[in-house]
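This report concerns a single protein chain. The sequence and the structure are shown below for reference.

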Amino acid sequence: MTNFPGARALRALSRRLTATRRAGLAALALALAAAFVAPGALPARAADPDAPATSPFARPSQTAADTQPAGNLEQTIPGFLQSPYGPPSFGAPYGTTHALGDWGGAQPWLQKHGVYVALALYEGISGNVSGGKTQSYTLAGQVGGTVDIDWQKLLGAGAWSNDLWLHMLAVNGNGQNLSRLFGDNGNQVQQIYGARGNVVAHLVWAYFEKSWFQHKVDLAVGWIPTGTFFNNSPWVCSFMNVWLCGNVTPTKYLTSGRDWPSGNIGSVLRLMPTRHFYVMGGLFAVSPHSYNGGISGWAWGQDNLGKLGTEVEIGWIPEFGPDKLVGHYKVGFLYDNSRYDDLYEGVNGRPWIVSGLPARRHSGQTSAWVMADQMLIRHGPGESNGLVLAGQYSYADGRTSQMNHHLVAALLDTGYLWGRPLDSVGINFQWANFSRSATLAQEAAAAYGLPFQGANFGTPYGIQGHESIYEAFYSAHLMTGVSLQPDFQYVNHVGGTTVFKDAVVLSTALNVLF
C-alpha cells in the first residue's frame with residue numbers, strides 16, 4: 001500500500017504527528033494547519049466506479065450512490081437502506097467496499113453466502129491552539145467490526161427469510177476527551193470520543209431487521225441506538241462536533257434518547273409508501289444507569305428498566321427539477337414516561353440546592369426536532385453530490401434538561417469544481433441555549449457559595465447562558481476506503497460560560513475501511 005494515491009500525504013501526516021509528540025502544542029498547530037492544505041497537493045481523481053466508503057464506525061451519514069464524495073458517505077447497500085432516499089441515516093451492512101480489495105477472494109465468497117463483514121480504523125488528533133482552561137492536544141480513535149447476515153442467502157430458506165437481516169457492530173475506543181481538558185464538560189469537539197467504556201469490544205447494536213412489500217414496511221427489533229433512526233440526517237456526520245454528529249443535541253443527551261454507541265432494547269417500525277414520504281415510530285426501554293447495557297453494552301438485563309421512551313418522526317424527501325435536486329425534511333417528537341428531578345425547584349418551590357429538600361419531580365420528559373436540507377446545485381449523480389443547504393432546530397424540556405434550544409445552519413459541497421468530485425467540504429454554525437432552570441440553580445449555588453451541580457450536560461465552571469460553535473472541514477479522498485479530514489472549530493463561550501476565553505480547535509482524522 002505504499003504506492004497508493006495520497007500515500008505521500010499520509011506519510012507526511014505521520015511525520016507531523018511524530019513531531020507533535022516531541023515538540024508539543026506549537027508543533028501541533030503547525031501540523032494541523034499544514035494538513036488543511038494537503039488536499040490541494042493530491043492528484044485530481046475522476047469519478048471512481050469503485051466508490052469510496054469510509055469508516056462506518058466514525059458515525060457516517062446516509063448511504064448513497066457509487067459516485068458519492070468521500071468523507072462520511074457510503075455507497076448504496078442491500079438491506080434496510082436499499083432505498084437511498086429513506087431513513088435511517090445510519091445502518092448496515094458495510095461489507096461492500098474495502099481499501100484492501102476483496103480480501104483475496106474472501107469477501108465475494110462471504111457476500112455470496114449472505115455474510116457482510118467490515119473492519120474499520122478511525123484515528124484523529126485534536127488540539128486547542130488557543131483559549132479554554134488550558135492548551136492541550138489529544139489522540140483519539142477506535143477500531144471496530146460489523147457483521148451483517150442476509151438469512152435468505154445464508155440459509156437458502158423460503159419466502160419468510162426474504163429481506164431478513166441480523167446486524168451487529170462492536171467497537172474499541174481509545175484516547176482522551178479534549179473538550180474536558182480545555183473546560184467544556186458538555187460538548188465534544190472530537191467525533192469519535194465518548195461512552196465506549198474501557199472494554200475490548202463495546203456493543204453498539206445487535207438487531208434483527210425485516211422488510212415487506214419492497215421495503216414499504218420495515219421492522220427492526222433488538223439492541224438499537226435510537227439516533228440510528230431518529231433525529232438524524234445525511235449531512236450531520238460530515239462534521240466532527242458531537243453536538244451535531246449522530247442524532248442532534250439535546251435529544252441524545254436525554255436518558256431515553258441516548259445515541260450511538262449507547263444502545264437500547266427496543267423496536268422501530270417504518271412505513272414508506274413511496275420513496276418520497278415516510279412515517280416511523282420507535283419504542284425503547286429507558287435505562288436509569290449511566291451506561292446503557294453497562295460499560296460494555298452487552299449487559300441487557302439491567303435492573304429498573306420499567307419505563308419506556310417513544311419516538312415518532314415524519315419525513316418528506318422530494319426531488320425538484322430536471323436535475324432531481326434532493327431534499328430531506330423531517331419533524332419528530334420524543335416522550336419518556338419516567339420521572340425526573342427539576343434542575344432548580346425543590347418540593348417547597350425554592351431551590352433545592354439551597355434548601356436541602358428533595359427536588360420537585362416531573363412526570364415525563366419531552367423533546368422535539370425539525371430538520372431540513374436541500375440540494376441547490378447538482379454536481380453529479382448521487383444524493384449529496386452538489387451544493388447542499390441544511391439546518392435544524394431541537395428542543396428539550398428545560399426543567400429537566402440543562403440545554404433546551406439548539407440551532408444549526410450548514411452548507412456542504414463536493415470538490416467537483418476543482419476536479420476532485422470524491423472530496424467534500426463544509427461549514428456550519430451551532431447555537432445552544434442553556435435552560436432557565438439550569439441558570440437559576442447555578443445562580444443560587446454561586447450566591448450561597450455552594451458547588452455547581454452537574455446535569456445531563458456535565459458540571460459547569462460558571463453560570464451558563466449560551467454556547468456557539470463555528471466549524472469547517474475538508475475531507476480528501478485518498479483511495480478507495482481511505483479519507484483524510486482536517487477540521488477547524490471555534491468555540492465561543494466555552495462550556496456555555498464566560499469563565500474561559502474562546503477556544504480554537506484544529507483536528508485531523510484518518511478514516512480507513514479495510
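The sections that follow treat the overall fold, the nonpolar cores, the aromatic pairs, one helix and two loop residues.

## Overall organisation

The model is predicted. Its chain comprises 7 helices and 19 strands. Of its 514 residues, 58% count as buried.

Among contacts with a sequence separation of 6 or more, those between residues 24 or more positions apart make up 66%. The chain exposes about 19,100 Å², and carbon and sulfur atoms supply 62% of that area.

## Nonpolar cores

The largest nonpolar core contains 32 residues. Within this core, the residues with the most contacts are Phe229, Phe230, Trp235, Phe239 and Leu244. A second, separate core has 14 residues, including Phe182, Phe434, Val494 and Val505.

Residues up to four places away in sequence are not counted in the contacts of Phe239 given here. Phe239 touches Leu244, which is also listed for the largest core. Further contacts of Phe239 include Gln191, Cys245, Ala410, Leu412, Gly426, Ile427, Asn428, Glu471 and Phe473.

## Aromatic pairs

A pair of aromatic rings is described by the distance of the centres and the angle of the planes. The structure holds 15 aromatic pairs. One of them joins Trp205 and Tyr207 in an edge-to-face arrangement, with 6.2 Å from centre to centre and 70 degrees between the planes. Trp205 and Tyr207 are both buried.

Trp316 and Tyr329 form another pair, with ring centres 5.5 Å apart. Their planes meet at 35 degrees, so the pair is tilted. This pair links distant parts of the chain: Trp316 belongs to strand β10 (residues 308–316) and Tyr329 to strand β12, 13 residues apart. Trp316 counts as partly exposed because its relative accessibility is 42%. Tyr329 is likewise partly exposed, with a relative accessible area of 29%. Elsewhere, Trp243, Tyr253, Phe434 and Phe457 form one aromatic cluster; Phe434 also belongs to the second core.

## Helix α7

Helix α7 covers residues 436–447 and has 12 residues. From its first C-alpha to its last, α7 reaches 16 Å, close to the 16 Å expected at 1.5 Å a residue. After the helix comes Gly449, whose phi is positive, near 65 degrees.

Which residues of α7 are buried? They are Ser437, Ala438, Thr439, Ala441, Gln442, Ala444 and Ala445. The buried residues of α7 pack against two strands and a helix, namely β12 (325–346), β16 (420–434) and α6 (352–355). Strand β12 is also the strand that holds Tyr329 of the tilted pair.

## Two loop residues

His379 is located in the loop between β13 (359–378) and β14 (386–396). Is His379 buried or exposed? With a relative accessible area of 14%, His379 is buried, because this value falls under the 20% cut-off. The side chains of His379 and Asp413 are joined by a polar contact of 3.0 Å. Not counting residues up to four places away in sequence, His379 touches Asn385, Gly386, Leu387, Asp413, Thr414, Tyr416 and Leu417.

Gln214 occupies the loop between β6 (202–212) and β7 (217–224). Gln214 is exposed because its relative accessible area, 70%, is over the 50% cut-off. Between Gln214 and Asp163 there are 8.9 Å in space, C-alpha to C-alpha, and the two are 51 residues apart in sequence.

Key
Residues numbered from 1 in each chain as written. Predicted model: local features only at pLDDT ≥ 70, side-chain atom pairs only at ≥ 80, totals over all residues. Heavy atoms only, no water. Helix = DSSP H or I, 4+ residues; strand = E, 2+ residues; numbered from the N terminus. Buried < 20%, exposed > 50% of the residue type's maximum accessible area, 1.4 Å probe, protein only. Expected span 1.5 Å × (residues − 1). Contact = heavy atoms within 4.5 Å. Polar contact = N/O pair within 3.5 Å; in protein donor to acceptor, adjacent residues only side chain to side chain. Areas by Shrake-Rupley, 256 points an atom, 1.4 Å probe, with all protein chains shown as cover. Core = buried A, V, L, I, M, F, W, Y, C linked by side-chain atoms within 4.5 Å. Phe/Tyr/Trp six-rings, centres within 6.5 Å; stacked < 30°, edge-to-face > 60°.
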